[in-house]
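Colleague: Please take a close look at one part of this model for me: the place where the two chains meet. Walk me through it step by step.

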Amino acid sequence: MLINYWPIAILIAVSTFLAVAVVVFGHLIGPRRPSERKAAPYESGMEPIGPGTRRMPVRFYLVAVLFILFDIEVIFLFPWAVNFRNLGVFGLIEMFVFIVILLVGYVYAWKKGALEWE
Amino acid sequence: MTALQVIFLATAAMILFSAWMVVTRRNLVHAALYLVLTLFGVAVLFVLLEATFLAVVQVLIYIGAIAILMIFAIMLTRRVASDDTVVANHNAGWAAMLAVLVFSSLVIIMGAWSQFTTFASPLTRPGVPSNELGQEIVAELGQSLVDPDAYVIPFEVASVLLLAALIGAIVVAWQKDK
């Protein structure tokens, strides 16, 4: 029932309060003496080069797609794992087939080098 | 009003507000963040409907993965935060009319159902205490995923679909030597 979700509600309330409080109190209490140096975007002590919003490499997107697919696989694994003793050998074989099919894609990604960053 | 109704109305208002913000923000990163809020509101609705597993899936998949993917996709594109982004085109009027039409026909069709204005009673299952009901339902879902009389074929087909998506993503997005 809903009463089980109190911890989540409390967590949301506390984290919202904390986030707001940090910003508000920082504004109210913190001293502000801006200078040109302080206002400059920090880039390891160097003068920033180029625009701040650069296009990201497509590789990030590939990693995100791979992450989603295996995330979905976990979602399928979860209801099976909760009940897996009752599902017996047949359930085990079903899940095995499911994972092997996905493993083909994993091996493909691996061989293609999509998992390597360099 | 019961507490459930108050939570529902607040959540629905939050969803509508954030969904409106998603389609009107010029800055696409802000739109994506509002989308996360919308998706979270839907997760809360799932909880209110006692679809606990769906709520977890909503948070894990939609907020945890798809929102991240969208933010990556936005950052891949040029001119992320430019103010000349067009947020509406000449089809906006038609789209609004279509939306009103779909909504009103849904209300008319569902209004014909005798249970439309009554509240659903809480989910119960004989012999299962209410705090273990969520787990029981997830176990039943797992059972039906591997049951030949239920969803074993869609379950295996889903893995083929995931495989196709995996290979397709690599073929489209993978570039050699760069």
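Modeller: Start with one term: two residues are in contact when they have heavy atoms within 4.5 Å of each other. Keep in mind that this is a predicted model.

Now the whole interface. Chain B brings 50 residues to the contact, and chain A brings 49 residues. About 4500 Å² is buried between chain B and chain A. Carbon and sulfur atoms give 80% of that area. Three residues stand out on chain B. Leu76(B), Leu162(B) and Trp174(B) supply 16% of the area that chain B buries against chain A, more than any other three residues.

What about polar links? Between chain B and chain A there are zero salt bridges. Two residue pairs are in polar contact, both at pLDDT 80 or more.

Next, the side of chain B that touches chain A. Five helices of chain B each supply at least two residues to this side: H1 (3–24), H2 (28–48), H3 (52–76), H5 (133–145) and H6 (152–173). H6(B) gives the most, with 15 residues. Sorted by type, this side has 36 nonpolar residues, ten polar and four charged.

Zoom in on one helix pair across the interface. H3(A) covers residues 58–82, and its axis lies 8 Å from that of H3(B). The angle between them is about 170°. An angle over 145 degrees counts as roughly antiparallel, so H3(A) is roughly antiparallel to H3(B). Which residues meet here? From H3(A) come, among them, Phe60(A), Tyr61(A), Phe67(A), Ile72(A) and Phe78(A). From H3(B) come residues including Phe53(B), Leu60(B), Phe72(B) and Leu76(B). Leu76(B) is also one of the three residues named earlier for buried area. The H3(A)–H3(B) contact divides into 21 nonpolar residues, one polar and one charged.

H3(A) has a partner in its own chain too. The axes of H3(A) and H4(A), residues 84–112, come within 10 Å and cross at roughly 170°. H3(A) and H4(A) are therefore roughly antiparallel to each other. Phe70(A), Phe76(A) and Trp80(A) are among the H3(A) residues here, and they face an H4(A) set including Leu87(A), Met95(A) and Tyr106(A). This contact has 14 nonpolar residues, one polar and one charged.

H4(A) leads back across to chain B. H4(A) packs with H6(B) at an angle of about 5°, with axes 9 Å apart. That makes H4(A) roughly parallel to H6(B). Met95(A), Phe98(A), Leu102(A) and Tyr106(A) are among the H4(A) residues in this contact, and Phe155(B), Leu162(B) and Ile170(B) are among those of H6(B). Met95(A) and Tyr106(A) also take part in the contact with H3(A). Here the residues divide into 18 nonpolar, two polar and three charged.

Methods. Residues numbered from 1 in each chain as written. Chains lettered and ligands numbered in written order. Predicted model: local features only at pLDDT ≥ 70, side-chain atom pairs only at ≥ 80, totals over all residues. Heavy atoms only, no water. Buried area = accessible area lost by both parts, 1.4 Å probe. Salt bridge = Lys/Arg side-chain N within 4 Å of Asp/Glu carboxyl O. Polar contact = N/O pair within 3.5 Å; in protein donor to acceptor, adjacent residues only side chain to side chain. Helix = DSSP H or I, 4+ residues; strand = E, 2+ residues; numbered from the N terminus. Nonpolar A, V, L, I, M, F, W, Y, C, P; charged D, E, K, R; others polar. Axes fitted to C-alpha atoms, helices over the stretch in contact; angles between N-to-C directions. Parallel < 35°, antiparallel > 145°, perpendicular 65-115°, else oblique.
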